[in-house]
Each structure stands twice: as C-alpha cells, then as structure tokens.
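Have the sequence and the model open side by side. The paragraphs below go from one residue to the whole chain and then back to particular sites.

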Amino acid sequence: MVVKTFFNALLAGIALGIAGTVNLSVENRVVGAFLFGFGLFWILCYDFKLYTGAVGYWILQGWKFLSYGGTLLIILLGNFAGTSFLGWVIRHTRLENVVERANALCLPKMQDEMLSLFLLSFLCGILMYLAVETFRSSRPDIFRVLMVFLCVSIFILAGFEHCIANMYYFAAAGQIHPLSMKCLAVMVVGNGVGGMFLPLMDRVR
C-alpha cells in the first residue's frame, strides 16, 4: 500500500512537472495557465495521488486522522520525487528558456515574506479542494471538467502558491536549497489549511 501510494504520488509529480513545463513554454499567461490544468485533469482521471488534492479530506477522517496524515506524508514525498525528477530532466535538455523562466518565477517567491506565502498558499488550497471535490461530484461532465481547468487557471493568474507546482519550478531552476525548502514548507502548510477550509465550513454552517 505504501509503495503503491508513493508510486502514484510520483506519477502525479511528473504530471504536474509536464504541465509546469508547458506553462513556462508559452508566451501568453492565460494560455499557459489554462494548459497547466492538464496536469490536474490527468491526475484526477488516472487517480494519481496529489497532496493538494488529498489534504482537504484530512479533516473528515475522524479516528483515521493520524493514519491519513501518514498517507499525506508519503504522497508529499512522492510528489517531491516526481517533480524533482522532471526538473532534472528539463535541466538536461535544450529547453534553456524553461529553466530561465523557472528561475525568474522562483526568485520573487524566495524574497517574499513567510506570511504572504502562507496566505497565497491558503487561497490556492481552497481552489484545489473545490476543483477536486467538483470533479468527484455527480454534476454534468462538462461542468466537472470546466471547474478543474478554471480553478487551476485562476490560482495561476491570481499569483496564488501551489506547493507541488513550486517543487517543480524550484527543481527546474536548480534552486533546491534551505531557503527554497523553507518556502515550500510554508506553502505545504498553507495549501493544507486552505484545502481543509471548505469542508470545515460545510460542517459548521
């Protein structure tokens, strides 16, 4: 079970890495943001394991809260492995423009305040839960698919922070070091709190 979860999380990391590469390869920000949605759509269709797609359900686990937390840790490690692998692959290709854009994207994140990173990650977590929960619902297919691409496009264009996408950007930029890892840790927490926000609100309203 652990190995299978890790492997599916690694595949999710690779999927987001490919989506991130496309996002950095196009000139038009709106087109790039929309195409990035391919990564989450692929993950949801094939039931890969993505931290930001799973963490929102942590608060609903009841007595399984601790064991689910362990599963989330495995998913996070698998996502990191997958994005790191894709970042290494891209850095060893002729796609220098992707590496340069990844570096330009990462520098402002590392210069940002930790509170800012947390709040931007919190907002992204809300959108990720909304995308996943809508996709899993019984609503019409066109609505389910549209929400996936809309939520992803919105978080990118708004400048919100997605910890797994940023794992790829940091890896592609060659910026894996203590400062970037600190930023990623804040994003992981922010995405987690944001992901659990809507299900918590559903419980209290």
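Is Asp47 buried, partly exposed or exposed? In this predicted model, Asp47 has a relative accessible area of 48%, so this residue is partly exposed. The cut-off matters here, because exposed means over 50% and buried means under 20%. Asp47 sits in the loop between α2 and α3, the latter being residues 51-54. The backbone at Asp47 has a positive phi of about 55°, although the residue is not a glycine.

From that loop, turn to the chain as a whole. The chain has nine helices and zero strands. In sequence order the pattern is therefore α-α-α-α-α-α-α-α-α. The C-alpha trace spans about 50 × 35 × 35 Å along its principal axes. A compact globule of 205 residues would have a radius of gyration near 17 Å, and the value of 16 Å for the chain agrees with this. Of the 205 residues, 49% count as buried.

Contacts and surface add to this picture. Among contacts with a separation of 6 or more, 82% are between residues 24 or more positions apart. The accessible surface of the chain is about 10,200 Å². Carbon and sulfur atoms account for 70% of that surface. The chain carries 14 positive and 10 negative charges, and the mean positions of the two sets are 8 Å apart.

The aromatic residues come next. A pair of aromatic rings is described by the distance of the centres and the angle of the planes. Across the whole structure, the search finds 11 aromatic pairs. One of them joins Phe41 and Phe149, with 5.7 Å between the ring centres and 45° between the planes, a tilted arrangement. Phe41 belongs to helix α2 (residues 29-45) and Phe149 to helix α7 (residues 141-158), so this pair ties together parts that are 108 residues apart in sequence. The two partners fall into separate accessibility classes: Phe41 counts as partly exposed because its relative accessibility is 24%, while Phe149, at 14%, counts as buried.

Another of the pairs is formed by Trp58 and Phe65, which are stacked, with centres 4.7 Å apart and planes at 10°. Trp58 has a relative accessibility of 24% and so counts as partly exposed. Phe65 is also partly exposed, at 35%. Returning to Phe41 and Phe149, both belong to one aromatic cluster together with Phe34 and Phe135.

What does Gly37 touch, beyond residues up to four places away in sequence? Its contacts are Val148, Phe149 and Val152. Gly37 lies in helix α2, and Phe149, one of its contacts, lies in helix α7. With a relative accessible area of 0%, Gly37 is buried. For a sense of distance, the C-alpha atoms of Gly37 and Gly82 are separated by 17 Å, with these positions 45 residues apart along the chain.

Helix α7 also holds Arg144. Is this arginine buried or exposed? Arg144 counts as buried, because its relative accessibility is 17% and the limit for buried is under 20%. Leaving out residues up to four places away in sequence, Arg144 touches Thr134, Phe135, Ser137 and Arg139. Phe135 has already appeared as a member of the aromatic cluster. Arg144 and Gly125 are 19 residues apart in sequence, and their C-alpha atoms are 18 Å apart in space.

Two further sites bring in other helices. Thr83 is part of helix α4 (residues 65-91). Its relative accessibility is 0%, so Thr83 counts as buried. With residues up to four places away in sequence set aside, Thr83 touches Gly13, Ile14, Ile164, Met167, Tyr168 and Ala171. Helix α8 spans residues 163-173 and contains Asn166. Asn166 counts as buried, with a relative accessibility of 2%. On the same sequence criterion, leaving out residues up to four places away, Asn166 touches Lys109, Glu161, Leu184 and Met187.

Definitions and conventions
Residues numbered from 1 in each chain as written. Predicted model: local features only at pLDDT ≥ 70, side-chain atom pairs only at ≥ 80, totals over all residues. Heavy atoms only, no water. Helix = DSSP H or I, 4+ residues; strand = E, 2+ residues; numbered from the N terminus. Rg over C-alpha atoms; globule rule 2.2 N^0.38 Å. Buried < 20%, exposed > 50% of the residue type's maximum accessible area, 1.4 Å probe, protein only. Contact = heavy atoms within 4.5 Å. Areas by Shrake-Rupley, 256 points an atom, 1.4 Å probe, with all protein chains shown as cover. Lys, Arg positive; Asp, Glu negative; His and termini not counted. Charge placed at Lys NZ, Arg CZ, Asp CG, Glu CD. Phe/Tyr/Trp six-rings, centres within 6.5 Å; stacked < 30°, edge-to-face > 60°.
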